[in-house]
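User: Please take a close look at one part of this model, then work outward from there. Short sentences suit me.

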Amino acid sequence: MPMSMGDTPSTGNVTDLPLSDPRCDSDACAAFKAAHQASQAAVSYDHQYDYGHYATWYYLATIGVAMVVYAYRLYRNRVARSGASAQRQQQQRSGKTTLRHKFLAICRFVNYRHSKGRVSDYFGFLSLGTLGFLAITSLFLLLMTFLVHPYYRGRRGYGSPPLAVRTGLMAQALTPIIVALAGKVNFITMLTGISHEKLNVFHRWVSYMCLFLSIVHTVPFIVQPLRDGGPAALRKQYYKPGGMEYTGTPPLGILVGIVVLSIPWIRHRFYNFFYRLHIPMYVVYLGLLFWHSDQEKDSWVYLYATLAIWLASCLARLFYKWQTFSIFRDWFHGLPSRVEELPGGMTKVTILAPADFQWKPGQHCWIRIPHLSLLQNHPFTIANLPKRSSAGAERGTEVQEMVLYVRAHQGLTLDLLKSVENHDIVEDRGPAMSIHIDGPYGGVVEDVPALYESLIFVAGGSGISACLPWIMHTAERVADGSATAKNIRLVWMVRYASQIQWIADELEPLINAHPDLIQVDFFVTNSTSPAIASTDSEKNSEKEVVAGKPSEKSTTTVSPKLGQVHTQRPCLPDLIPSLLTARRCFILGCGPESLRTDLANAASSAQKKVMAGEADIITLHTESFGW
């Protein structure tokens, strides 16, 4: 990166030698010095550092725009809760859609659209809106990289190639934002309300951009010496004392390793390997960047900023979010829990959390179970609501139940299911398993029950854990008169009817208390399920009793009060439009990639209703099984 002043001067008087003479290779030669100064005057070495500033200003401006959107969403919540939006209510009654609604519908139409297919589902391709933003960002970086000429200098001795210097500084300028986007506790979430799992996709793609810039940064340092004197000149430059080519090789190699392991299908396949190596590799990478940059001008400013962001995130997570070391808890103590096996490879984990531990619908936490695995921790959505604190209760004197549904796959989740057989917990004897909690994280910024008239929840399998607390929360808000929601529709897809029993005990009292508010449709997708037996009542002729998993001898009967049972996989692009009956609709989905893609495309197409004036707003929020 530094501006080289030429090689070691040749012996003898070289002052008046012509530039074509091989001995004229340093500023001691007047011709070389003049050419050197002319090269720097044409393309200043110092000016290349400004490109790092441009990259920084770009992402700070992006965060600023997101902050404005966040402030607007908080304002909408405030207006909705205050009940002072008489003008909006009048507009709803008049059935008129404003230009603002239509503009936002166009934005959502683009943003929600996903490509569809097995390859897209496997690799988790991004939405059209996200791809568009990443394309704009990539174009901005590409223009700064390749628009300015020349890329190289006449000789390596005239200074580092301009293309290499500016791309190196741009890559280094991306380092703080990469770390900020990765943290579960980070200042971007605080400023924009965008949860860490939503930011993670940008963390990955900005890392890809950083790798691209680093490779472009490296190539000129190889090409320029080869042009000047072939492999011998490259070897001499690479091992030159104080040269940066040598010190830049290790961090580039580590960055390649980090990015390759972060590719989604590789990360999912070797998650535990990735999880254990990712942070240590990045710490080493950051340390090597200090060595490589050698405190050239303001290059270390980016690294100090990265270090500050990372340490702040770690400390906040360790002493605030991680309950094991929280400043509000006794250290090194996990939370007692009960574990129950449910049909279909599901484990219900009931954690006895302190009453002052609060969370919101849709939030998740990371759990660590030391006696199963000391190092592994995994995220799970909290499937119930917190207990309302009693007035005058002291901290730590009361407990509440926090429910998680853990589907067994491999690793920790499978070990947890297997441990249920040996779990000697009986409620009178107290808990036998201790779980350490990190969280809560995530959630939805908007006050959904107050802002929307119709709420549609679509879940696949264990994705129901993201929908159930929202149904509970909305029902409570409707009961106390603080919600405008008039209809809740749950569409739940399960493989076997027996899996409906996962939440039957929680769902039935909600439906009984709010029969006109909540409607449920179950879709049993296993085509090999035994025959369906209908109920005796003609009024409930559409309610179906479906047998359980083929390997299970017992037949599961679904109460007609819970909802209607269908024995096929729904076509969401056809189903969703029929559920959008109100002018203000909110759609929440949680499930496998294919479900979220279908739901996103259905929500994208539904924006045509807003543009046609048939609705005011149709919003989508999706949750993932993992990230």
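Where is the place of Pro150?

Analyst: Pro150 sits in the loop between H6 and H7. Helices (H or I, at least four residues) and strands (E, at least two) are DSSP runs, numbered from the N terminus. The model is predicted, so local features need pLDDT of at least 70 and side-chain atom pairs count only at pLDDT 80 or more, while totals for chains, interfaces and linings use all residues. Residues are numbered from 1 along each chain as its sequence is written, and side-chain values use heavy atoms, with hydrogens and water left out.

The peptide bond leading into Pro150 from His149 is cis, with omega near 0 degrees. Another cis bond joins Gly439 to Pro440, with omega about 5 degrees. Pro440 belongs to a strand, E6 (residues 433-442).

Now the helices on either side of the Pro150 loop. Helix H6 (128-146) and helix H7 (162-182) each supply at least two residues of the largest nonpolar core. Such a core is a set of buried Ala, Val, Leu, Ile, Met, Phe, Trp, Tyr and Cys residues joined through side-chain atoms within 4.5 Å. Buried means under 20% relative accessible area, exposed over 50%, and partly exposed in between (1.4 Å probe, protein chains only). This core has 50 residues. H7 gives the most to it, with 11 residues. Other helices supplying at least two residues each include H2 (50-82), H9 (196-238) and H12 (271-293). In soluble globular proteins, nonpolar side chains tend to be buried together.

Leu141, Leu174, Ile177, Ile188, Cys210 and Tyr285 have the most contacts inside this core. Take Cys210. Setting aside residues up to four places away in sequence, Cys210 touches Ala171, Leu174, Ile178, Leu255 and Tyr285. Contact here means heavy atoms within 4.5 Å. Apart from this core lies another, of 45 residues. Met346, Val403, Val524 and Ile617 are among them.

Arg76 is found in helix H2. Its relative accessibility is 13%, so Arg76 counts as buried. Beyond its neighbours within four places in sequence, Arg76 is in contact with Glu446, Leu451, Tyr452, Arg584 and Ile617.

Next, strand E9 (residues 518-524). Six of its seven residues are buried, so E9 is largely enclosed by the rest of the structure. E9 runs parallel to strand E8 (residues 487-494), and seven bridges join the two. Two strands pair if DSSP finds at least two bridges between them. Val520 in E9 is the bridge partner of Leu490. E9 also runs parallel to strand E12 (residues 564-566), through three bridges. There, Asp521 stands opposite Gln564 in E12. Helix H17 (residues 504-513) joins E8 and E9 in a right-handed β-α-β unit. Right-handed means that, with the strands pointing away from the viewer, the path from the first strand over the helix to the second runs clockwise.

Two loop residues also deserve a look. Lys297 lies in the loop between H12 and H13. Its phi is near 50 degrees, a positive value in a residue other than glycine. Lys297 is partly exposed, with a relative accessible area of 48%. Phe332 is in the loop between H13 and strand E1 (335-342). Phe332 is not a glycine, yet its phi is positive, about 65 degrees. At a relative accessible area of 59%, Phe332 is exposed.
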